[in-house]
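Visitor: I'm new to reading protein structures. Could you walk me through one, a feature at a time?

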Amino acid sequence: MRAVSKRFASGVTALDGIDLDIHRGEFLSLLGPSGCGKSTLLRIIAGLSEPSSGVCRLLLETDRAGKIPAGRIGFVFQDPTLMPWSTVVDNVLLPFRLAGLIGSGERKRAVAEIQAVGLAGFERAYPRQLSGGMRMRVSIARALVTEPDLLLLDEPFAALDEITRMALNDDLMRLWESRRPTVVFVTHSVFESVYLSTRLAVMTSRPGRIAAELPIDLPRPRQQALRTSPRYTALCVMVSEQLVRAMAPESAGSK
Amino acid sequence: MRQLRLHFWRTAAPLAVGAVLLALWEIVVRAEGIPPYILPGPVLIGETLWTDGPSLMGSLLVTLRITLVALAAAAILGGAIALLFSLSRILALSLFPYAVILQVTPIVAIAPLIIIWVREPFLALLVCAWIVAFFPIVANTTVGLNSADRNLLALFRLYGASTGKTLRYLKLPTALPYFLAGLRISGGLALIGAVVAEFVAGTGGTETGLAFRILEAGYRLAIPRLFAALFLLSMTGIVIYLVLDFVSRLLLRHWHESAIAEEEE
């Protein structure tokens with residue numbers, strides 16, 4: 001991704017000259033205050049939005065037309081974004097349904113994926129019968145069901161309570177460690193990003209820029225115990241300082 | 001237990017109010033000696049309903065047929081028009097104002113024209129009822145088709161969904177509750193449209209509907225029969241509403257807030 005900028009029709013510059021390399025198999029977090037263009041950046045990576053200038057290239061396998069086949073990218077929104085009229089299993093099957101291929105193999109994949117996110121037994125439930133955390137698990141299962149090479153998550157746990165959030169952090173960690181897709185994770189939580197990532201990009205707001213890139217070299221597999229370890233705490237402090245520094249020019253400018 | 005009591009009151013309370021009002025009506029009519037050609041009492045109306053019932057029922061079937069066929073046509077054509085509107089913005093922008101004009105022009109005013117233009121009486125009445133009934137369905141369904149969740153739309157795009165699949169798996173399910181809400185409104189309107197058209201058409205038809213029987217009873221000062229016909233008409237409207245409400249709940253029972261029983265909350 002080189003010199004990517006995004007200006008909206010309203011004149012707001014959401015992103016300004018973003019240079020960012022995403023490495024295969026890494027877990028990259030985009031950390032920044034709300035309104036810094038993290039989500040916009042994610043949408044550009046997904047191809048849901050075009051940059052106003054600059055280029056974003058994904059080095060994924062392409063089909064003969066030079067396009068990335070559907071299902072190579074998974075996307076999880078801040079809301080679970082489920083279809084309320086469909087059961088859990090039908091929601092998870094959506095990517096296959098849209099690709100026009102549903103067989104017993106796909107059904108097995110969907111059921112396995114529902115199991116993987118810890119929702120075995122809820123296949124026939126409707127989204128409204130599930131809690132917020134469970135709905136988010138369905139959303140993650142749907143994103144993973146095509147076994148994507150690139151998984152994009154847009155503040156997926158922001159609306160959840162702390163306990164549910166920690167449980168989902170651990171599950172996401174486990175799923176990533178067993179399959180190793182490339183993950184780009186947008187968040188405004190320092191603790192969450194340090195806990196999950198292999199690398200962190202701190203962003204500033206208005207206009208969105210990348211202020212710092214930090215490797216997070218904590219040991220793996222990471223578990224609950226890590227949350228209280230001194231190294232984790234030290235990293236969190238450091239990242240917080242980076243974040244404060246990234247936001248400083250803005251607060252100075254607003255005076 | 002509390003639920004059961006709530007359920008009981010929901011039916012018992014309105015029934016009790018109705019019974020009290022009917023009793024008061026009967027008492028006033030008898031005590032004041034009001035003649036039946038001005039205001040008949042409920043007992044006399046009940047008797048008339050019994051004696052004139054069979055012939056009134058025949059008329060009811062005529063009106064009901066117009067109503068139901070008009071409603072079906074409104075549902076199918078209204079849904080189709082809304083679908084066209086959602087697929088082509090230009091079409092929607094250019095035609096929607098005319099749908100509004102058709103809606104706001106009082107049906108009583110254009111019914112005579114329609115009856116002159118459309119020779120076949122049944123068809124003329126049908127057109128009148130349809131004009132009244134189709135707009136809520138078009139308006140509601142159009143809103144519904146444009147209400148799909150933005151993130152879900154993005155997701156469908158990400159997975160390379162075709163227009164057809166987006167329609168089938170996202171837009172149509174999203175629009176269903178809106179369509180059904182429109183249908184419930186249209187059910188009552190179709191009946192009103194049929195009645196108004198019959199009033200205007202008068203004896204033009206070979207078969208006489210319930211509305212014409214009301215008119216006729218009025219001319220002949222057969223007021224008890226007028227009330228009996230009115231009663232049947234109201235009942236018909238209520239039954240149409242209840243049936244549509246039931247269908248709506250049945251279709252949406254798994255997911256839509258409107259169809260989920262209060263007990264679950």
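**Strands, then the interface**

Guide: Sure, and keep in mind that this is a predicted model. Let's begin with strands: strand 5 and strand 6 of chain A pair in the parallel sense, over 4 bridges. One place to look is A:Ile73, which stands opposite A:Leu150 in strand 6 of chain A.

Visitor: How many bridges join strand 6 of chain A to strand 7 of chain A?

Guide: There are 5 bridges, and those two strands run parallel. Try finding A:Leu153: its bridge partner in strand 7 of chain A is A:Phe185.

Visitor: Is strand 6 of chain A buried or exposed?

Guide: For this we call a residue buried when its relative accessible area is under 20%. In strand 6 of chain A, 5 of the 5 residues are buried, so the strand is largely enclosed by the rest of the structure.

Visitor: Which way do the residues of that strand point?

Guide: A:Leu150, A:Leu152 and A:Asp154 point one way from strand 6 of chain A, while A:Leu151 and A:Leu153 point the other way. All of them are buried.

Visitor: Now the two chains. How many residues of chain A are in contact with chain B?

Guide: Here you count residues on each side: 26 from chain A meet 21 from chain B. You can also look at area, and the two chains bury about 2200 Å² between them, with 68% of it on carbon and sulfur atoms. In chain A, A:Trp85, A:Leu98 and A:Arg128 lose the most area to chain B, together 34% of what that side buries.

Visitor: How many salt bridges are there between the chains?

Guide: The count is 0 between chain A and chain B. As for polar contacts, the rule finds 1 residue pair across the interface.

Visitor: Which element of chain A gives the most to the side that touches chain B?

Guide: That's helix 2 of chain A, with 5 residues. Sorted by class, the side of chain A that touches chain B has 16 nonpolar, 5 polar and 5 charged residues.

Visitor: And from the other chain, what do the buried residues of helix 6 of chain B pack against?

Guide: First, the buried ones: B:Leu152, B:Ala154, B:Leu155, B:Phe156 and B:Leu158. They pack against helix 1, strand 5, helix 2 and helix 4 of chain A, together with helix 7 of chain B.

Visitor: What should I check at the ends of that helix?

Guide: At the start of helix 6 of chain B, a side-chain oxygen of B:Asp149 reaches to within 2.8 Å of the backbone nitrogen of B:Asn151. After the helix comes B:Gly160, whose phi is positive, near 65°.

Note on methods:
Residues numbered from 1 in each chain as written. Chains lettered and ligands numbered in written order. Predicted model: local features only at pLDDT ≥ 70, side-chain atom pairs only at ≥ 80, totals over all residues. Heavy atoms only, no water. Contact = heavy atoms within 4.5 Å. Buried area = accessible area lost by both parts, 1.4 Å probe. Salt bridge = Lys/Arg side-chain N within 4 Å of Asp/Glu carboxyl O. Polar contact = N/O pair within 3.5 Å; in protein donor to acceptor, adjacent residues only side chain to side chain. Nonpolar A, V, L, I, M, F, W, Y, C, P; charged D, E, K, R; others polar. Buried < 20%, exposed > 50% of the residue type's maximum accessible area, 1.4 Å probe, protein only. Pairing = 2+ DSSP bridges.
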